[in-house]
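Work through the exercises below with the coordinates open. Each task is followed by a solution in steps.

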Amino acid sequence: MVQVASKTSSLRKYLPQLIAGFGVTMVLVQLGLSSGWSSPYLAKLTAPGSSLLLTDEEASWVASLLNLGRFLGAFVGALSVSYFGSKRTMLFTLVPISLCWVLTIVATRTEFLYLARFSSGVGLGMTYSSFPLYLGEVSLPEIRGALVSLAACGGTFGVMIGNIAGSYLNMEVSATIYLVPCIALMVLFLWMPESPHHFVKEDKLEEAKKSIQWYRANHQIEEELDAVKRFVSNAVSETFSDKLQELRKPALMKAMILIVVLWAFMQLSGFNSILFYMELIIIQSKSTLIEPKIVVMYVSASAVVASVFSIVMIDKCGRRILLIGSSLGVTLGMLGLGIHFYCIDRGLNVSQLQWLPIASIFLFDVAFFAGLMCVPSAVLSELFPTNVKCIAACFASLAGAIFAFISTKTYQPLIEIIGQSNVFFVYAGLTILIVPYALICMPETKGKTLQQIQDDLVKR
């Protein structure tokens with residue numbers, strides 16, 4: 001009886017934080033839906049007979065404007081967290097996401113889709129600037145990592161659902177279905193209190209105490225309030241200029257360069273091109289073994305499994321080994337696609353190679369989500385002290401947005417200039433560079449203290 005009572009008490013203590021984690025995860029699912037939207041619908045919208053027929057140029061803008069909006073969203077999200085708090089920012093992110101689905105429902109012209117994709121990108125940038133901070137501020141240390149990992153997997157799960165729904169539902173119906181949970185999430189975040197950190201920052205100690213009472217379910221309120229006060233007082237004692245000066249230290253400057261380069265590699269590997277154009281690529285590969293939309297569903301499901309696998313493996317084999325293995329898998333996947341399309345470009349018979357593009361896309365997706373997707377974020381959280389981590393995350397998000405936009409927007413023009421096979425060979429060439437870069441420049445951070453990591457950076 002005592003053991004049952006203890007488990008019930010623990011669940012009661014964690015329940016408000018689990019509700020917050022569920023809400024954040026569902027926001028990430030929404031972002032995954034908008035990312036997974038492109039593959040099935042671009043295939044439909046560029047096919048003859050479409051009610052809203054897109055040219056290749058228009059399709060490239062529909063795909064890439066998501067990442068252009070993400071660039072603006074990173075700025076807006078960082079400012080919103082500073083002025084309004086992390087919980088309110090999570091609420092605000094749902095406004096551009098909801099606007100995306102509304103515009104998609106009423107889209108009668110290409111410009112509506114442009115605005116919808118840009119709006120979704122703003123929500124994407126805002127979310128990644130706020131959700132780790134929000135969960136970090138409201139959750140206890142023993143479940144914080146699990147909640148952040150769960151939220152990150154929500155994005156991958158959303159991509160899978162988006163690919164499946166997009167294969168069977170028309171654009172207006174799917175967007176209407178996606179809009180409903182968006183509105184429900186707005187109600188959820190309106191109901192939950194702001195994080196205690198923001199209230200303490202604004203010197204609203206009574207509101208901060210009530211917030212702790214809710215998120216901690218009346219558990220150790222005074223101790224938590226004192227800890228938040230100390231944390232906030234240390235954080236606000238430094239100005240933004242002071243934090244930028246801190247980043248000019250040799251070790252932190254090297255860490256910043258390392259993170260920006262990792263984010264660049266992650267986007268220039270061709271991930272967005274495969275994600276947004278997957279069904280079109282399979283159609284263009286002339287593979288008839290499996291229906292293209294079915295391949296997209298299975299690939300999306302494999303990405304979810306790979307994401308869960310990465311959570312376990314990142315602490316078992318280390319960041320650098322996982323990144324290198326992931327990069328080799330991504331490179332082989334791109335080489336497989338390049339070889340297949342090279343044969344098509346040369347007019348060779350590819351009837352015996354119909355398995356190759358499918359296997360290559362599977363390998364690419366599994367390898368990417370097993371390492372390249374998660375390692376840069378994990379390394380970011382370990383390379384920087386708490387006082388400058390927010391600024392470093394903002395720079396990383398901006399770098400990711402810039403390179404993601406460049407990679408996605410240049411995909412179609414590069415196909416016209418150098419051919420589809422050479423585009424995949426270029427992606428493979430860029431991705432294989434991660435291997436020497438990781439071996440030479442990247443310290444292994446697994447199991448090391450912040451000071452040990454800084455010492456390794458200085459040596460390198």
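Buried means under 20% relative accessible area, exposed over 50%, and partly exposed in between, with a 1.4 Å probe and protein chains only. The model is predicted, so local features need pLDDT of at least 70 and side-chain atom pairs count only at pLDDT 80 or more, while totals for chains, interfaces and linings use all residues. Residues are numbered from 1 along each chain as its sequence is written, and side-chain values use heavy atoms, with hydrogens and water left out.

**Exercise 1.** Classify the ring pair Phe84 and Phe92, and state whether each residue is buried, partly exposed or exposed.

Solution. Rings of Phe, Tyr and Trp (its six-membered ring) pair if their centres lie within 6.5 Å; planes under 30 degrees apart count as stacked, over 60 as edge-to-face and the rest as tilted. By this rule there are 18 aromatic pairs. The ring centres of Phe84 and Phe92 are 5.6 Å apart and the planes are at 85°, so this pair is edge-to-face. Phe84 has 44% relative accessibility and counts as partly exposed. Phe92, at 32%, also counts as partly exposed.

**Exercise 2.** Do the same for Phe271 and Phe368, and locate both in the chain.

Solution. The centres of these two rings are 4.2 Å apart with planes at 0°, so the pair is stacked. Helices here are DSSP runs (H or I, at least four residues), numbered from the N terminus. Phe271 lies in helix α13 (residues 271-284) and Phe368 in helix α16 (residues 355-372), 97 residues apart, and the pair thus links distant parts of the chain. Phe271 is buried at 9% relative accessibility, and Phe368 is buried at 0%.

**Exercise 3.** Check the length of helix α7 (residues 171-191) against its expected span.

Solution. The expected span is 1.5 Å times one less than the number of residues. For the 21 residues of α7 this gives 30 Å; the end C-alpha atoms are 31 Å apart, which agrees. Among the buried residues of α7 are Ala175, Tyr178, Leu179 and Cys182. Leaving aside neighbours within four places in sequence, Trp101 is in contact (heavy atoms within 4.5 Å) with residues including Ala175, Tyr178, Leu179 and Cys182.

**Exercise 4.** Why does Cys100 form no disulfide with Cys182?

Solution. A disulfide is a pair of cysteine sulfur atoms within 2.5 Å. The closest cysteine sulfur to that of Cys100 is in Cys182, 8.5 Å away, which is too far for a bond. The count by this rule is 0 disulfides. Cys100 is buried, with a relative accessible area of 2%.

Terms used:
Helix = DSSP H or I, 4+ residues; strand = E, 2+ residues; numbered from the N terminus.
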